[in-house]
Amino acid sequence: MVSAALDDDWAPRRGRVRLVPVLHGSLEIAALARSVLLASRPAAVAVELPPSFGTAVQRAVRRLPKVSAVFDVVPGAGAARLYVCSPGEPFAEALRTAAELGIEASLIDADVDPEEPVRDVVPDSHALWNLGPKSYFELLYEALDSGQPASLRERIMAHRLQDLATGLSRDGDVLAFVGAAHVRALADLLGSPQPRPLARELQRQVEVRHVESQSVPALVDGAPILDAAWEEIRHGRRPEAPPPQAVRSAKLSLDLQPEGFRLLQGDGDTATADADRADQVRRFVAAHAARELEGEFLALDRVRAGEALWKTAELSYLEQTTVRPARWQRRVFFDFARRYARVQGRLAPDLYEWVVAARGVGDDVLAWEMYEACCGLPWQSGPQDLDTVSVDGDELDLGTRRLRFRPWSLKVKRPGLRLKPRPKPDDPDEWLEGFRGGLCSYPPEDLLIEDFGTALADRARALLQQQRSRVERFRGGMLDGIDLRETVRRRANEQETVPGPAIWVREEGRSPGASGAVVVIFDDDESDEKYPYRMTWLGEHEDESDMAFFATTPLDQIVGPGITRATYGGLMMTRPPGRLADVWADPDYASLGLKSRQLLVAAIDYSIEPLVTYVGPQAPVSWIHAYARRQGKQVVHLPLGSLSPRSLAQLRVVHLLAGRDKRDIAPRYIW
């Protein structure tokens with residue numbers, strides 16, 4: 001528990017003025033600011049913003065929790081300042097809480113030329129929960145102590161604070177929220193009367209705009225979802241919320257037949273669905289990340305928030321790929337994110353560390369789901385009472401870094417992000433217009449799966465050769481060459497008792513023939529609950545195989561106009577193309593039951609080579625091996641666990657296009 005009691009050691013008092021240090025953009029300091037105001041009920045509040053921002057900032061604060069940008073433009077000077085008013089910004093929280101308590105608030109900063117931004121290395125404000133304000137701010141003052149004389153801005157702020165304290169008509173103190181770097185200088189200046197500094201304050205043009213939802217991650221310090229969750233718990237209540245549903249697909253009504261799609265109608269509002277899910281995520285994060293402060297008041301814990309965000313991203317990833325991240329991935333995710341944050345001088349990870357860690361333990365899809373979970377704001381989209389502005393972090397010199405997300409470029413600020421969003425329809429009916437053709441595949445995926453099948457066939461043939469090879473002691477013939485490994489092993493183990501040179505030679509095994517059909521079973525399905533969709537399609541040219549597969553229903557994941565996505569449960573490939581009949585309609589295979597057995601028996605029948613490669617979690621039953629031998633063929637089993645989980649996750653995704661004309665636009669919608 002952290003005590004919010006004002007203490008001279010961390011909030012110096014000079015006369016009727018109490019100085020409360022602030023780290024700009026720190027959610028922990030925002031929670032502390034609200035707690036201090038609720039506990040002390042001062043006579044007046046002052047914040048480190050220029051008076052010319054007054055009307056615009058007041059309007060931005062009234063709009064909270066919507067994020068607003070207050071632009072300060074000096075006509076003809078080319079200099080500008082920007083204040084982002086968000087729920088977790090300490091100055092915004094101080095002004096909003098003061099308004100709720102009926103306390104007068106003043107802006108005391110100087111309207112002078114903007115200073116060059118300084119990025120100080122300071123202790124992570126997450127330490128506030130364990131150290132308490134006194135110990136934490138002592139470390140903060142030490143890190144920020146520059147030894148420089150008071151600046152013009154600080155002299156102007158000190159003069160305005162003394163004027164404000166002198167003019168109070170009620171008992172109590174002035175609670176001044178100022179940047180921590182200014183606290184010691186202001187404390188020294190307030191020890192004696194300060195005359196008004198001679199300074200020419202500029203005439204400014206100030207505007208307030210609504211921030212586009214996609215621009216918020218580049219402007220808000222940390223994950224926007226933390227600001228959204230703070231909005232839920234700042235009233236002193238601990239919310240209860242179940243995990244959010246991972247709904248991603250556009251709600252379109254179609255009928256999928258083997259020959260193509262049949263249009264029905266569109267249903268649903270994508271923007272509303274996204275806002276609803278963002279609201280579910282913020283409530284879920286708030287329920288897990290809320291922590292006690294001052295007995296009743298609640299603050300937000302970034303570490304606990306990361307646990308809730310992982311669960312959210314995990315559910316969405318499961319829906320997208322039908323693969324649930326393993327326990328080791330969860331463990332490594334949190335360990336990597338924590339260590340990566342420490343390397344960058346932070347105690348607790350935030351948006352950047354979470355996204356990078358998700359991509360490290362999974363793939364781009366898991367990283368994207370983490371990014372979307374972190375950046376959802378339910379109230380930022382839709383019609384607004386202000387003009388909307390789109391802001392690029394690079395344009396504002398916010399220290400952005402670039403992180404590559406195939407196929408998009410991601411601008412990453414420490415710790416904010418800006419990313420081109422996943423394509424979604426404003427009106428689902430628009431995407432219906434694309435479903436008017438027959439079914440075809442996506443060529444880049446065809447190349448990937450063909451290369452995968454070829455690699456599996458080569459691996460199966462090499463396995464047989466290794467099984468049929470033999471090693472013997474050199475007796476006058478070199479066979480296929482010296483086996484150095486066996487020679488060194490036996491000499492090291494001192495197993496040689498026969499006199500003569502201890503040299504061992506190897507005779508390589510001979511493959512019984514080339515490998516033909518390939519069967520891969522990612523996840524078998526005894527019923528049609530998980531993978532109800534079955535299809536057989538023919539290769540379009542000599543470099544493609546005929547394929548039969550079973551997968552999830554493509555209509556559950558519509559990703560573009562005429563573009564759907566499914567996840568393989570299993571597949572069979574055979575060459576040359578143009579020979580494969582509909583496996584699923586063949587009565588000879590219908591009685592076999594399991595879809596994996598249907599594909600394997602069909603592969604044995606259609607393979608023109610003596611080897612059939614089978615990849616699956618379990619080896620085929622004995623009667624299938626006997627069936628293959630009667631046809632002069634052999635089934636080679638490769639355990640599914642011997643292959644890379646990341647590669648398998650990428651290969652399991654298949655896109656079905658409603659006509660070849662969709663191949664031109666597919667790269668805009670397919671990852």
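**Exercise 1. Find where Tyr 371 sits, and decide whether it is buried or exposed.**

Step 1: Tyr 371 belongs to helix 13, which covers residues 364–375. Helices here are DSSP runs of H or I with at least four residues, strands are runs of E with at least two, and both are numbered from the N terminus.

Step 2: A word on the model before we go on. This is a predicted model in which local features need pLDDT of at least 70 and side-chain atom pairs count only at pLDDT 80 or more, while totals for chains, interfaces and linings use all residues. Residues are numbered from 1 along each chain as its sequence is written, and side-chain values use heavy atoms, with hydrogens and water left out.

Step 3: The relative accessibility of Tyr 371 is 4%, so Tyr 371 counts as buried. (Buried means under 20% relative accessible area, exposed over 50%, and partly exposed in between, with a 1.4 Å probe and protein chains only.)

Step 4: Now look across to Trp 354. The C-alpha atoms of Tyr 371 and Trp 354 are 8.1 Å apart, with their positions 17 residues apart in sequence.

**Exercise 2. Which residues of helix 12 are buried?**

Step 1: Locate helix 12 at residues 351–361; nine of its 11 residues are buried, so helix 12 is largely enclosed by the rest of the structure.

Step 2: Name the buried ones: Leu 351, Tyr 352, Glu 353, Trp 354, Val 355, Val 356, Ala 357, Ala 358 and Val 361. You met Trp 354 in the first exercise, as the partner in the distance to Tyr 371.

Step 3: For the whole chain of 671 residues, 54% count as buried.

**Exercise 3. Describe how helix 1 and helix 4 meet.**

Step 1: Helix 1 spans residues 27–40 and helix 4 spans residues 128–144; their axes come within 12 Å and cross at roughly 75°. (Axes are lines fitted to C-alpha atoms, for helices over the stretch in contact, and angles run from 0 to 180 degrees between N-to-C directions.)

Step 2: The crossing therefore makes helix 1 roughly perpendicular to helix 4. (Angles of 65 to 115 degrees count as roughly perpendicular, under 35 as roughly parallel, over 145 as roughly antiparallel, and the rest as oblique.)

Step 3: From helix 1, Glu 28, Ile 29, Ala 31 and Leu 32 meet Leu 128, Trp 129, Pro 133 and Phe 137 of helix 4. Contact means heavy atoms within 4.5 Å.

Step 4: Sorted by class, this contact has seven nonpolar residues, no polar ones and one charged residue. (Ala, Val, Leu, Ile, Met, Phe, Trp, Tyr, Cys and Pro count as nonpolar, Asp, Glu, Lys and Arg as charged, and the others, Gly among them, as polar.)

**Exercise 4. What surrounds Arg 324?**

Step 1: Arg 324 lies in the loop between helix 10 (302–321) and helix 11 (327–343).

Step 2: With 47% relative accessibility, Arg 324 counts as partly exposed.

Step 3: Setting aside neighbours within four places in sequence, Arg 324 is in contact with Glu 314 and Leu 318. Glu 314 is 10 residues away along the chain, and its C-alpha atom is 6.8 Å from that of Arg 324.

**Exercise 5. Where are the cis peptide bonds of Pro 65 and Pro 576?**

Step 1: Leu 64 and Pro 65 are joined by a cis peptide bond with omega about 15°. Pro 65 is in the loop between helix 2 (54–63) and strand 4 (68–73).

Step 2: Arg 575 and Pro 576 are also joined by a cis peptide bond, with omega about -5°. Pro 576 is in the loop between strand 24 (563–574) and helix 17 (587–590).
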